[in-house]
Amino acid sequence: MTVLTGAGISAASGIPTFRGEGGLWRHFRAEDLATPEAFQSNPALVWEWYDWRRQKVASCQPNVGHVVLARWTGQSDRCTVVTQNVDDLHVRAGTARLIRLHGSIWELACWSGCGATPWRDEHAPLPELPATCPRCRGLARPAIVWFGESLSADDVSAARRACACDVFIAVGTSAVVYPAAGLLQEASSAGAFTAEINTETTAATSEVDASLQGAAEVILPQLDERVTFRHQG
Ligand code: BJW
């Protein structure tokens with residue numbers, strides 16, 4: 001089983017989604033904040049937004065949806081979670097097999113590419129904005145995949161391998177951002193039974209074999225009560 005998660009799974013933890021009701025993009029245009037061009041033209045503004053989000057995430061805890069998925073990865077070595085989220089709540093819930101397609105909000109990288117290895121910094125707020133690279137003292141950036149940037153080839157390969165599964169479930173994603181959104185179709189083509197858990201209809205609703213309309217934090221615990229994994233992790 002492979003589970004693709006999006007911002008909706010973290011909504012019950014208090015983290016705003018991007019496009020839904022109260023979503024981040026309602027107040028900030030993605031093109032203004034989540035592109036290399038935006039960062040190039042106004043790093044202070046982009047850092048201010050990320051610092052606000054880091055503080056928000058720091059005050060939040062994994063919810064029962066994250067906990068159920070972590071338990072499933074612990075119960076079966078054939079259960080993998082692929083997430084688009086950068087909040088690391090799956091990590092904090094103890095998820096065993098996790099692929100983070102868009103990076104982590106807690107990691108930073110050198111903007112000028114001086115060769116510094118991306119580093120982790122959990123200060124929230126950050127002591128210095130815009131943040132700087134410890135190696136070259138130049139500008140640092142969030143180590144997050146912005147629009148128009150390539151995802152890690154290793155992560156995409158791992159996610160595509162995870163599409164060779166019996167069941168593929170998309171949880172709390174609007175399924176509009178690629179290449180993540182394409183994984184559902186890939187799993188379906190490989191023979192997986194596909195399902196979606198979402199409070200709304202999405203781009204994927206008409207494509208999946210089963211649509212479970214409702215909140216992840218309600219439906220995942222209900223499934224958990226009825227799931228038994230035969231291949232133990
Ligand atoms: C609940 C709920 C509850 C609420 N329970 N549900 C092919 C076709 C077309 C375009 C492209 C393509 N390939 C590439 C592109 C370009 C682009 C793209 O996809 N654009 C589309 C918008 C059209 N993709 C890229 O640029 C990617 N790079 C790439 O492919 O490189 C190669 C390339 C480049 C250019 C051209 C061609 C090839 C990179 C994408 C990076 C995305 N980054 C972001 C921002 C990260 C930074 C950050 O977090 O600050 O990642 S965008 C944003 O969207 C974020 C998310 O991870 C991502 C997905 O959003 P998600 O998780 O689905 O959230 P929402 O808010 O949209 O949906 C939440 C859902 O939850 C809703 O449905 C609610 O109903 C639901 N919900 N509460 C259950 N309790």
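User: What is the relative accessible area of L129, which is partly exposed?

Analyst: L129 belongs to the partly exposed class, which lies between buried, under 20% relative accessible area, and exposed, over 50%, for a 1.4 Å probe and protein chains only. The model is a predicted one, in which local features need pLDDT of at least 70, side-chain atom pairs count only at pLDDT 80 or more, and totals for chains, interfaces and linings use all residues. Residues are numbered from 1 along each chain as its sequence is written, and side-chain values use heavy atoms, with hydrogens and water left out. For L129, the relative accessible area is 40%.

User: Which residue does a cis peptide bond join to L129?

Analyst: L129 is placed in the loop between β5 and β6, where strands are DSSP runs of E with at least two residues and helices are runs of H or I with at least four, numbered from the N terminus. The partner of L129 is found in that loop too, between β5 (119–120) and β6 (140–144). With omega at about -10°, the bond is cis, and the residue on its far side is P130.

User: How far apart in space are L129 and P118, C-alpha to C-alpha?

Analyst: L129 lies in the loop between β5 and β6, and its separation from P118 along the sequence is eleven residues. In space, the C-alpha to C-alpha distance is 17 Å.

User: What is the omega of the cis peptide bond from Y178 to P179?

Analyst: P179 is located in the loop that runs between β7 (167–171) and α8 (182–189). The bond leading into P179 from Y178 is cis, and its omega is near 5°.

User: Is A175, at its relative accessibility, buried or exposed?

Analyst: A175 lies in the loop between β7 and α8, and it has a positive phi of about 55° although it is not a glycine. Its relative accessibility is 12%, and therefore A175 counts as buried.

User: Is R137, with its relative accessible area, buried or exposed?

Analyst: R137 is a residue other than glycine with a positive phi, near 65°, and it is found in the loop between β5 and β6. Its C-alpha atom is separated by 44 Å from that of A187, which is 50 residues away along the chain. Because its relative accessible area is 62%, R137 is classed as exposed.

User: Which side chain does a polar contact join to that of D121?

Analyst: D121 lies in the loop between β5 and β6, and it is buried, with a relative accessible area of 17%. A polar contact is a pair of N or O atoms within 3.5 Å; within protein, one must be able to donate a hydrogen and the other to accept it, and residues adjacent in sequence count only if both atoms are side-chain atoms. At 2.7 Å, the contact joins D121 to the side chain of H123.

User: How far is S76 from R230, C-alpha atoms being compared?

Analyst: S76 lies in the loop between α5 (64–75) and β2 (80–83), and it counts as buried at 4% relative accessibility. Although S76 and R230 are 154 residues apart along the chain, their C-alpha atoms are separated by 7.6 Å.

User: How much of the area that the ligand exposes when taken alone is buried by the protein?

Analyst: Among the N and O atoms facing the ligand, one in the side chain of Y50 is 2.6 Å from a ligand oxygen, a backbone one of A7 lies 2.8 Å from a ligand oxygen, and one in the side chain of T199 is 3.4 Å from a ligand nitrogen. Taken alone, the ligand exposes 1,400 Å², an area from the Shrake-Rupley method with a 1.4 Å probe. Of that area, the protein buries 76%.

User: How many residues surround the ligand?

Analyst: The closest are R19, Y50, R53, E149 and S174, where a near residue has a heavy atom within 4 Å. The ligand is surrounded by residues numbering 35.
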